[in-house]
Amino acid sequence: MKIIVCVKQVPDTSGKVAVNPDGTLNRASMPTITNPDDMNAVEAALKLKDETGCKVIVISMGPAPAAKMLRELIAMGADEGVLVSGREFGGSDTYATSQILAAAIHKIGLDKDDIVLCGRQAIDGDTAQVGPQIAEKLGIPQVTYCAELKKTGGTLTVRRMLEDGYMTVKVKTPCLITCIKELNAPRYMSVAGIFECNQKSVAVFDYEALKDEPLIDATTIGLKGSPTNIFKSFTPPPKGVGMMLEGADKADCEKLAGMLAAKHII
Amino acid sequence: MSYNSMDIGAFKDVWVFCEQREGKLMPTDFELISEGRKLADELGVQLCGLLLGDGVECLCRELAGYGADKIILCEHPKLATYTTDAYAKVVCDAIREYKPEVFLIGASTIGRDLGPRCAARLHTGLCADCTHLDVGVGKYLEFLRENSTLDVAGMAVDENDRNLKMTRPAFGGHLMASIICPRFRPAMATVRPGVMRKAPFCEEKADAVEIVRAKVELSDADIQTEVVEVVKAARKIVDLVGAEYVVSVGRGIGKNTELGLRLAEELAAELGGVVGGSRAVIDSGWLSADHQVGQTGKTVHPKVYVALGISGAIQHKAGMQDSECVIAVNKNPNAPIFEIADYGICGDLFKVTPMLTEAIRKLRGEKARTVLACD
């Protein structure tokens, strides 16, 4: 049994987000982190590894520096890293991305008792689409929004969150699960892990390595293979400055209530 | 070439996926039907609702009242409860048979599960969590003029472009992107709940509903997941999205959370609204997750949004910046929340909130008396 975890390196949007004058994102100004939901997926895999001794492979599509992130995940306890990286993959939308990742997972091989884990969504794109699209391309069932995961033999029991409660879903392996933060608290890297992670292998799958996979075809990957295109991107105009009430006293509150009433807001 | 890029002209009509849970429609359905109506009129095509379930025909009339011309009804015992497998199969079968041009899905936890699965199977584009949709270029440019810093006057555009322009925020609203799906059909979008406005209900339209019963083919082999139980949260569901007044609290109530929450509740009660909270408040366990406003919580656009002790991180602003009027109370004069506030009070929320509640109560009392005097 093995678990393949799909992870993404993302800009840390919790700090200040910088935008270039031309309206694109200034990625250079932001530190990168492993996408938070993906960390929950990695932790879920490592917990199953603690219980069953299975193998955990972390896989990411991105530029060469993402290999460092994979090493950090190996330092947490993952066994192997796979970096999917190539010029041909650039500009992919979620359809093309999932196509490439599914091809890479297919190349690694998915056996009957294997599990694929993803985060619910990445904080840069916020689409929550890649996980389900990988599952469809691999032809395996999916359960999204997982907040609790139990494995009994070849069956996973998942607490799948809804807006107003949850559902309990049973699914047989191989399957794909997307994880949310309620699932667990990710562990830290171990000191021994940090020492060892540089000796472990991070394989690189480029276009040459994947081109013979049935899912890979020049018309379904990269910018050209993406069904969606960006028509325009822009920054919203700054909102006009509001009115500050200085005193923070009773008179101010009455003035504010009066203005709201005058504008028929209350 | 995939089947749906060969002749995109063969695809017509705007479809809305109408989500039902336990035989009840979701509020998003009405928002999407109302929005879909506008798009269908611009394209000069029909608006169809796609309704899956078991024994749900009674819901068709209600959907039509908000603007649907036709409901494509797929009924089967295996569709009573949502499963990705069954729903994706039935939705894709229906799309292949009837070929809609545009397909809208509410970005609920279920819609965001179903949408990408179907888009991958149909080989088409899906734009996630849209907050604005246009067809006509004129209307789109008008939208850009009001909502962007782009130089619209100097922009070269194709006036005859009929592509659905799906606009969505990225990076917590700091960047907006309009996405198109020019080569494949249907153009699919999940739409953020609470963003589109619901149209008034029309009785005549409801009575004129046309119901098309679609053939549903499902076998046990089609369904690889088993729903063991569906559990509703025992606590009362907070209708943040539908509320006209939202009083939200942030980390600023930390000094005395009990009092802070009570003051917020009193103000909300006076306004006839509900209490919300920032992620910090939810993570600290001071309020349950259904109160959360922001990027990972709910998006609200009430008439009045009161932010008490909320600093205004972009993740929070993403969920409330379209409120008609924002009132912020914060001790820190440099808090980013003041950048988007219509009215800001720099002060201690524990002192200011009761005074504000009292001022509104007094004013409303006076208003009520004036009305009585006129009678």
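Begin by selecting Val326(B) in strand E17 of chain B, which is the bridge partner of Tyr305(B). The model is a predicted one, in which local features need pLDDT of at least 70 and side-chain atom pairs count only at pLDDT 80 or more, while totals for chains, interfaces and linings use all residues. Residues are numbered from 1 along each chain as its sequence is written, chains are lettered from A and ligands numbered from 1 in the order in which they are written, and side-chain values use heavy atoms, with hydrogens and water left out. Helices (H or I, at least four residues) and strands (E, at least two) are DSSP runs, numbered from the N terminus.

**The sheet shared by two chains**

Widen the selection to strand E16 (residues 304–308) and strand E17 (residues 325–330) of chain B, which pair in the parallel sense over five bridges; two strands count as paired if DSSP finds at least two bridges between them. Strands of a sheet pair through backbone hydrogen bonds, either parallel or antiparallel.

Now select helix H7 (residues 257–271) of chain B, which packs on the sheet and touches E14 (245–249), E15 and E16 of chain B, with a direction that makes about 170° with that of E14(B). Contact here means heavy atoms within 4.5 Å, and the axes are lines fitted to C-alpha atoms, for helices over the stretch in contact, with angles that run from 0 to 180 degrees between N-to-C directions.

Which strands make up the open sheet, and in what order? Six strands form it, in the order E13(A)-E18(B)-E17(B)-E16(B)-E14(B)-E15(B), and the pairing is parallel. Strand E13 (243–245) of chain A and strand E15 (274–277) of chain B stand at the edges with a single partner strand each, so one side of each is left without a neighbour in the sheet. From one strand to the next, the twist averages 20°.

Then select helix H7 (residues 250–262) of chain A, which lies across E13 of chain A as well as E17 and E18 (343–346) of chain B, and runs at about 150° to E13(A).

**A covered strand in chain A**

Move to strand E1 (residues 2–6) of chain A, where five of the five residues are buried, a word that means under 20% relative accessible area, with exposed over 50% and partly exposed in between (1.4 Å probe, protein chains only). Lys2(A), Ile4(A) and Cys6(A) lie on one side of E1(A) and Ile3(A) and Val5(A) on the other, and all are buried, so that both faces are covered.

Five bridges join E1(A) to strand E4 (residues 55–61) of chain A in parallel, and in E4(A) the bridge partner of Ile4(A) is Ile57(A). Three bridges join E1(A) to strand E6 (residues 115–119) of chain A, also in parallel, and Val5(A) stands opposite Leu117(A) in E6(A).

While E1(A) is on the screen, select Cys6(A), which is buried with a relative accessible area of 7%. Its sulfur is 3.9 Å from the closest cysteine sulfur, in Cys118(A), which is too far for a bond. A disulfide is counted as a pair of cysteine sulfur atoms within 2.5 Å, and the count by this rule comes to zero over all chains.

**Helix H1 and a salt bridge**

Next, select helix H1 (residues 36–52) of chain A, whose 17 residues should span 24 Å at 1.5 Å a residue, and whose end C-alpha atoms are 25 Å apart, which agrees; the expected span is 1.5 Å times one less than the number of residues. Just after H1(A), Gly53(A) takes a positive phi of about 75°.

What does Glu43(A) meet in a salt bridge? The partner is Arg187(A), at 2.9 Å from N to O, where a salt bridge is a side-chain nitrogen of Lys or Arg within 4 Å of a carboxyl oxygen of Asp or Glu. Glu43(A) lies in helix H1 and Arg187(A) in the loop between strand E10 (175–179) and helix H5 (191–197) of chain A, so the pair ties together parts that are 144 residues apart in sequence. Glu43(A) is buried, at 4% relative accessible area, whereas Arg187(A) is partly exposed, at 27%.

**Across the chains**

Finally, select Arg21(B) and Asp164(A), which form a salt bridge with the closest N and O atoms 3.6 Å apart. This pair crosses between chains, from strand E2 (residues 20–21) of chain B to the loop between strand E8 (155–162) and strand E9 (165–172) of chain A, and both residues are buried.
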